[in-house]
Amino acid sequence: MQLVVGRIGRPHGVRGEVTVEVRTDEPDLRFAPGVTLVTDPATAGPLTVERARWHKGILLLTLAGVEGREAAEALRDTLLVVDSTDLPPIEDPDEFHDHELIGLTVVTTEGERVGEVSDVLHHGQDLLVVARPSRDEAYVPFVKALVPEIDLGKGILVVDAPPGLLDAAEVE
């Protein structure tokens, strides 16, 4: 499975440098000089980082063979991806990569099937998006009190939901 670690934005300056919307917790590792990046679409890459620097909180990359503003502009909106099998395992048993959570079956503490994790949103508070058959999506804050158990082997995520959290209206 391919995971997005960044998206190329607008060019910076006239020499071919690009801005990157970072989507990884390890930008200094993922975008280090010498690293080769796989792209989506694949025809845009692979791209090798020659130089990486931060400017006003924005990551700027100089990429091998990308010379001039027009060449940089041609890469705009290109996704930078890694293979999920290349990610190191997380040492903390209470932390997970998003791709490990997406697709898990969501059940209540009583064992009632609620739906399936379809996405993980990171907006200050991590939220699990739960797709439910014939109902609106539910948003569950990803905290231990509400998600007491995750069993990757069984493909199960247990939710201990307070009243109202999973009571969204049915879709007509």
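Reader: In this model, which residue's side chain forms a polar contact with the side chain of Y139?

Author: The model is a predicted one. In it, Y139 belongs to strand β10, which covers residues 138-141. Its side chain takes part in a polar contact of 3.1 Å, and the partner is E137.

Reader: Is Y139 buried, partly exposed or exposed?

Author: Not counting residues up to four places away in sequence, Y139 touches L121, L128, V129 and L165. Its relative accessible area is nevertheless 40%. Buried requires under 20% and exposed over 50%, so with 40% Y139 is partly exposed.

Reader: How are the strands of the barrel ordered?

Author: Six strands form a closed barrel, with antiparallel pairing. From one strand to the next the twist averages 50 degrees. Within this barrel, β1 and β2 pair over five bridges, and G6 stands opposite V22 in β2. The order of the strands is β1-β2-β5-β4-β3-β6.

Reader: How many residues make up the largest nonpolar core?

Author: The residues with the most contacts inside this core are I8, V18, V20, F31, L61, L63 and L80. Strands β1, β2, β4, β5 and β6 each supply at least two of its residues. Apart from it lies another core, of 16 residues, which includes V114, L128, V130 and V147. The number of residues in the largest core is 17.

Reader: Which residue of β6 stands opposite T39?

Author: β3 and β6 pair in the antiparallel sense over three bridges. T39 is also in the list of residues in contact with one core residue of β6, a list that includes V20, F31 and L37 as well. The residue opposite T39 is L80.

Reader: Which residues form the covered face of strand β3?

Author: Strand β3 runs over residues 36-40 and has two faces. T36, V38 and D40 lie on the uncovered one; of these, T36 stands opposite T48 in β4. The covered face consists of L37 and T39.

Reader: Which peptide bonds in the loop between β3 and β4 are cis?

Author: Most peptide bonds are trans. β3 and β4 form a hairpin with six residues between them, and both P41 and P46 lie in that loop. The bond leading into P41 has omega near 10 degrees, while the bond leading into P46 has omega of about 0 degrees. The cis bonds are therefore D40 to P41 and G45 to P46.

Reader: What is the phi of D77?

Author: Most residues other than glycine have a negative phi. K56, in the loop between β4 and β5, has a positive phi of about 55 degrees, and K56 counts as exposed at 76% relative accessibility. D77 lies in the loop between α2 and β6 and is partly exposed, with a relative accessible area of 48%. D77 also has a positive value, near 75 degrees.

Reader: Is T78 buried or exposed?

Author: T78 is placed in the loop between α2 and β6. Its side chain reaches the backbone oxygen of L75 at 2.7 Å. Leaving aside residues up to four places away in sequence, T78 touches G6, R7, I8, T39, D40 and A44. Its relative accessibility is 4%, and because buried means under 20%, T78 counts as buried.

Terms used: Residues numbered from 1 in each chain as written. Predicted model: local features only at pLDDT ≥ 70, side-chain atom pairs only at ≥ 80, totals over all residues. Heavy atoms only, no water. Core = buried A, V, L, I, M, F, W, Y, C linked by side-chain atoms within 4.5 Å. Buried < 20%, exposed > 50% of the residue type's maximum accessible area, 1.4 Å probe, protein only. Helix = DSSP H or I, 4+ residues; strand = E, 2+ residues; numbered from the N terminus. Contact = heavy atoms within 4.5 Å. Polar contact = N/O pair within 3.5 Å; in protein donor to acceptor, adjacent residues only side chain to side chain. Pairing = 2+ DSSP bridges. Axes fitted to C-alpha atoms, helices over the stretch in contact; angles between N-to-C directions.
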